[in-house]
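Student: Could you take one part of this structure and walk me through it closely? I would like to see how the strands around it fit together and what lies beside them.

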Amino acid sequence: LEKLNDKISRQMISGENATVSQLLLRRGAVVPRHSHVNEQYSWIISGALKFVFDDREVLVSAGEVLLIPAHVPHSAVAQEDTVDVDFFAPRREDWIRKDDSYLRG
């Protein structure tokens, strides 16, 4: 388990073409606005995340999945303690290199 900041921890594994991660977010955790070349599927196992896009906000609760297309700017706020499984294709090279300062500190 990798602690990224006081409210977000992550486990991840990457293959040749994709990354799967489990994020543990404490209530109030903020994933700052960012975008990436990867398609993202976010499956909320427990809790709830509010995703904020330029044109809308989407509340994703336990048992629900959200698809975020590549290059779409977004942020997220944990509405309660949340377990989120994310699948990315292609794999998250920035996370593998630890070049994900937007999540750290």
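Tutor: Let's start where S10 meets strand S5 (residues 39–46): the two run antiparallel and are joined by 7 bridges. The strands here are DSSP runs of E with at least two residues, numbered from the N terminus, and two strands pair if DSSP finds at least two bridges between them. One contact to look for is Ile44, whose bridge partner in S10 is Asp84. This is a predicted model, in which local features need pLDDT of at least 70 and side-chain atom pairs count only at pLDDT 80 or more, while totals for chains, interfaces and linings use all residues. Residues are numbered from 1 along each chain as its sequence is written, and side-chain values use heavy atoms, with hydrogens and water left out.

Now turn to S3. S3 and S10 are also antiparallel, with 7 bridges joining them, and Leu24 has Val83 as its bridge partner in S10. Moving to S5 again, 4 bridges join S5 to S8 in an antiparallel pairing; there, Tyr41 is partnered by Leu67 of S8. Put these pairings into the wider picture and you get an open sheet of 6 strands, in the order S1-S2-S3-S10-S5-S8, with antiparallel pairing. Strand S1 (2–3) and strand S8 (65–68) each have a single partner strand and stand at the edges, so one side of each has no neighbour in the sheet.

Next, follow the side chains along S10, because they alternate. Thr82, Asp84, Asp86 and Phe88 point to one face and are buried, whereas Val83, Val85, Phe87 and Ala89 point to the other and are not. Buried here means under 20% relative accessible area, exposed means over 50%, and partly exposed is in between (1.4 Å probe, protein chains only).

S10 also takes part in enclosing an empty space. Rolling a probe the size of a water molecule over the atoms shows where empty space is left. On a 1 Å grid over the protein atoms alone, a cavity is a set of points where a 1.4 Å probe fits but cannot get out, and lining residues have an atom within 4 Å of a point. Points are joined across faces, edges and corners, and a volume is the space filled by probe spheres set on the points. The count comes to 1 cavity of 30 Å³ or more, and the largest cavity holds about 130 Å³ of space. Its lining has 16 residues, with Leu23, Val31, His34, Gln40 and Asp86 nearest the centre. S10 gives the most to this lining, with 3 residues. Strands that each supply at least two lining residues include strand S3 (19–25), strand S4 (30–34) and strand S10 (82–89).

Strand S4 brings us to a last feature. Side chains of opposite charge can pair when their charged atoms come close. A salt bridge is a side-chain nitrogen of Lys or Arg within 4 Å of a carboxyl oxygen of Asp or Glu, and the structure holds 12 of them. In one, the side chains of Arg33 and Asp54 meet at 2.6 Å, N to O. Arg33 lies in strand S4 and Asp54 in the loop between S6 and strand S7 (57–61), so this pair ties together parts that are 21 residues apart in sequence. Arg33 counts as exposed at 54% relative accessibility, and Asp54 counts as exposed at 60%.

Definitions and conventions: 1 Å grid on protein atoms, 1.4 Å probe; cavity = no way out; pocket = protein on both sides within 12 Å on 5 of 7 lines; lining within 4 Å.
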